[in-house]
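Visitor: I am new to this structure. Could you take a close look at its salt bridges and then follow the chain outward from them?

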Amino acid sequence: MPGQYRHFPDFSISRGEFMSDLLRVAVPNKGALSEATSSLLTEAGYRQRSDRKDLTLVDEANGVEFFYLRPRDIAVYVGEGTLDIGITGRDLLLDSGADAAEIKGLGFGRSRFRFAAPKGPENTVEGLAGKRIATSYPGLLGSFLTTRGIDAHLIHLDGAVESSIRLGVADAIADVVETGTTLRKAGLEVFGDVILESEAVLIQRRDFTGGTTFDHFMRRIDGVQVARGYVMVDYDVPAEALGAVTELTPGLEAPTVSPLAKNGWYAVRAMVPREAVQGLMDELWDAGARAILSTELSACRL
């Protein structure tokens, strides 16, 4: 419930000890989000810790100080104003009840939060009224049930909750579901609407006013996300096919077109969506393009 995670078990430092001119960023210290977050920040040009025991890292060249915390605690630190921004799961943010706001989704760590129970025709969300529901996310689940007008008894368990039904502790569970394999092995089936579509998100304290370093941080993250979704395509094309191929590769503003030393031929360069590049290269070849190259992007500013 709101307030139940307002503790600081991993980390103790007063606000006066912070380097006030640095952007203070909370990042996951372990778990599924940790490695992906570290990769994102490294691609964005920020230093990251080499020793997993380190709790902080100062990147003075970029004006940022990173704090490595339990993913579940990050929203609390940010919401209390102890840190400026952080990366955590949307499910953890909403479950914490912290006074923090989501800035943007980051596209990794995706999961669905759903109900599950032993197979049976009576499995409906409305049928949960008066039932015992085991979950590791009581704040998130409580808010969902309240909006539906459903009064149920929530049982807060840390870690795996699948065994709670077999052990007679609960009638149903609400948990993160990725493939559903673990639930099926436990003899359970998912039912009802998806409670929440979650992913890693960038969050900020509500009174945070930003600044130049924060603006740079956001542009870097945006640049990495765009670069991950696009590749650069270069190709040569004869003049008679130039109009057809540039329609296939319009680029973000317009393709770059330059004359080649070979009379009547042009070199074309454009950014294209990564997921469509192989089919696009086939289309370019069929339209008359040659020497078609696809190049990875590491970062960009648009």
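Guide: A salt bridge here is a side-chain nitrogen of Lys or Arg lying within 4 Å of a carboxyl oxygen of Asp or Glu. The model is predicted. Asp171 and Arg132 meet that definition, with their closest N and O atoms 3.0 Å apart. Asp171 lies in the loop between α5 (163-166) and β9 (172-177), while Arg132 is in strand β7, so this pair ties together parts that are 39 residues apart in sequence. Asp171 counts as partly exposed, at 31% relative accessibility. Arg132 is also classed as partly exposed, at 30%. Elsewhere, four residues, Arg24, Asp84, Arg205 and Asp207, are joined into one network by salt bridges that share partners.

In total, the structure holds 16 salt bridges. One of them joins Glu199 to Arg90, with 3.3 Å between the closest N and O atoms. Glu199 is found in the loop between β10 (188-198) and β11 (200-205), and Arg90 in helix α3 (residues 90-96), so the link spans 109 residues of sequence. Glu199 counts as buried because its relative accessibility is 12%, and buried means under 20%. Arg90, at 16%, counts as buried too.

Arg112 and Glu197 form another salt bridge, the closest N and O atoms being 3.0 Å apart. This pair links strand β6, which holds Arg112, to strand β10, which holds Glu197, across 85 residues. Arg112 is partly exposed at 41% relative accessibility. Glu197 is partly exposed as well, with a relative accessible area of 42%.

Strand β6 leads from charged pairs to aromatic ones. The structure holds 6 aromatic pairs. In one of them, the ring centres of Phe113 and Tyr137 are 5.1 Å apart and the planes stand at 70 degrees, so the pair is edge-to-face; the cut-off for that label is over 60 degrees. Phe113 belongs to strand β6 (residues 111-118), and Tyr137 to the loop between β7 (132-135) and α4 (138-148), with 24 residues separating them along the chain. Phe113 is buried, its relative accessible area being 2%. Tyr137 counts as buried at 10% relative accessibility.

Another aromatic pair is made by Phe115 and Phe144, and this one is tilted, with 5.8 Å from centre to centre and 55 degrees between the planes. Phe115 is in strand β6 and Phe144 in helix α4, 29 residues apart, and the pair links these distant parts of the chain. Both residues, Phe115 and Phe144, are buried. Tyr137 also has a charged partner: Arg72 lies over the face of its ring, 5.0 Å from the ring centre. A further arrangement of this kind involves Arg290, whose charged end sits over the ring of Trp285 at 3.7 Å from its centre.

The remaining aromatic residues to note lead into the nonpolar interior. Tyr46, Phe66 and Phe217 form one aromatic cluster. Phe66 and Phe217 are also among the residues with the most contacts inside the largest nonpolar core, along with Leu23, Val25, Ile85 and Leu106; this core has 24 residues. Two or more residues come from each of β1 (23-28), α1 (32-43), β3 (64-69), β4 (85-89), β11 and α7 (212-229). Of these elements, α7 gives the most, with 5 residues.

Leu106 brings the account back to a salt-bridge residue. Leaving aside neighbours within four places in sequence, Leu106 is in contact with Leu40, Ile87, Glu199, Ala200, Val201, Leu202, Ile221 and Gln225. Apart from the largest core there is another, of 20 residues, among them Val125, Tyr137, Leu154 and Leu196. Tyr137 is thus a member of this other core as well as the ring partner of Phe113.

The last part of the chain can be described briefly. UniProt, in an unreviewed entry, lists residues 227-298 as "domain: Histidine biosynthesis HisG C-terminal". That span is 29% helix and 40% strand, and its end C-alpha atoms lie 6 Å apart. Arg301 follows in the segment after β15 (290-296). Beyond its neighbours within four places in sequence, Arg301 is in contact with Arg219, Arg220 and Gly223. The C-alpha atoms of Arg301 and Val27 are separated by 24 Å, with the two positions 274 residues apart along the chain.

Conventions: Residues are numbered from 1 along each chain as its sequence is written. This is a predicted model: local features need pLDDT of at least 70, side-chain atom pairs count only at pLDDT 80 or more; totals for chains, interfaces and linings use all residues. Side-chain values use heavy atoms; hydrogens and water are left out. Rings of Phe, Tyr and Trp (its six-membered ring) pair if their centres lie within 6.5 Å; planes under 30 degrees apart count as stacked, over 60 as edge-to-face and the rest as tilted. Helices (H or I, at least four residues) and strands (E, at least two) are DSSP runs, numbered from the N terminus. Buried means under 20% relative accessible area, exposed over 50%, partly exposed in between (1.4 Å probe, protein chains only). A charge sits over a ring if NZ of Lys or CZ of Arg is within 6 Å of the ring centre and within 35 degrees of the ring normal. Contact means heavy atoms within 4.5 Å. UniProt positions are given in the numbering used here, feature names are shortened, and annotations may be inferred rather than shown by experiment. A nonpolar core is a set of buried Ala, Val, Leu, Ile, Met, Phe, Trp, Tyr and Cys residues joined through side-chain atoms within 4.5 Å.
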